[in-house]
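Welcome! Let us walk through this structure together, starting from one residue in its interior and working outwards.

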Amino acid sequence: MIDVGPLRRSYTMNGLDEKDLTETPIPLFERWLKDMLDSKLYDPNGVVVSTVDPTGQPYSRMVLLKNYDEKSLVFFTNLGSRKAQHLEQNNKICMLFPWYYLERQVMFVGTAQKLSLPEVLKYFHSRPRDSQLGAWASHQSSRISARSILESKFAQMKEKFKNGEVPLPSFWGGYRVFFHQVEFWQGRENRLHDRFIYDLQEDGTWTTHRLAP
């Protein structure tokens, strides 16, 4: 087995102080997102989504953030997927942006609500045509015996919809995650990392606290 115990590095790129905080979390998130975009690193909007099954077992997977505002984050998925099945039973969710190349993480904690049909339609038809066809070809999270099944289904869908707009599958949609807690993590030397947590109050304001690393 590979000995991963000694693998470590010192985080020295930046720091996060009280003076850097914004009144609400999204302006700071947006500043960090812009840093990721400027860095030209892959998938700056890649985010780890964690849900819990009915037995309490957590599952995590990567999705792409496709929209956000001051109160919520948006992603899209197959509504028959494992994550969607979990959210039907328990809509509590955690979303983590693992921006390790900038020695940063941002974590959003909240609840997920299905997007409206107009919102889903608008985004679906903005996707590349082959991505639209891919949504039809894959019944996400279902077990299949070979990749050739996917490729065959994709070819069928390409032929079926060759003469017009690809319709929205009834099993495809998205979620808006309304967050009530956001944590910003900035790596520092000697494992004395900077952590600040934003908590949403009943009156709609946010409080902030520094956390021990």
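A good place to begin in this predicted model is V106, which, setting aside neighbours within four places in sequence, is in contact with F29, W32, M95, L96, F97, W99, V182, E183 and F184. Separate from the core we are about to explore is another core of 15 residues, including V74, F76, V120 and F171. We will come back to some of those names.

V106 belongs to the largest nonpolar core, which has 32 residues. Together with F29, F75, M95, F97, F108 and F184, V106 is one of the members that touch the most other members. Many parts of the chain take part: α1 (25-39), β1 (46-52), β4, α2 (82-89), β5 (92-99), β6 (104-114), β7 and β8 (194-200) each supply at least two residues of this core. The largest share, 6 residues, comes from α1. A general tendency fits in here: in soluble globular proteins, nonpolar side chains tend to be buried together.

Next, have a look at helix α3, residues 117-124. Which of its residues are buried? They are V120, Y123 and F124. Because these residues cover an arc of only 100 degrees around the axis, they sit on the same side of α3. An α-helix has 3.6 residues a turn, so residues three or four places apart point the same way. On the other side of α3, P118 and K122 are exposed. The cover over the buried residues of α3 includes β4, α4 (129-137) and β7 (172-186). V120, one of those buried residues, is also among the members of the 15-residue core.

Y123 leads us on to the largest pocket, since this residue is part of the lining. Its companions there are M62, V63, L64, K66, F76, T77, K83, R127, Q140 and W172. By type, the lining residues divide into 6 nonpolar, 2 polar and 3 charged. Both β2 (58-64) and β4 (72-78) supply at least two of them, and β2 gives the most, with 3 residues. The volume of this pocket is about 210 Å³.

Finally, step back to see the whole. The protein chain has 5 helices and 9 strands, running from the N terminus as α-β-β-β-β-α-β-β-α-α-α-β-β-β. Of its 213 residues, 37% are buried. Among contacts between residues at least 6 apart in sequence, 63% join residues at least 24 apart. The C-alpha atoms fill a box of roughly 55 × 50 × 40 Å along the principal axes.

Conventions
Residues numbered from 1 in each chain as written. Predicted model: local features only at pLDDT ≥ 70, side-chain atom pairs only at ≥ 80, totals over all residues. Heavy atoms only, no water. 1 Å grid on protein atoms, 1.4 Å probe; cavity = no way out; pocket = protein on both sides within 12 Å on 5 of 7 lines; lining within 4 Å. Points joined across faces, edges and corners; volume = space filled by probe spheres on them. Helix = DSSP H or I, 4+ residues; strand = E, 2+ residues; numbered from the N terminus. Nonpolar A, V, L, I, M, F, W, Y, C, P; charged D, E, K, R; others polar. Buried < 20%, exposed > 50% of the residue type's maximum accessible area, 1.4 Å probe, protein only. Arc of directions from axis to C-beta. Contact = heavy atoms within 4.5 Å. Core = buried A, V, L, I, M, F, W, Y, C linked by side-chain atoms within 4.5 Å.
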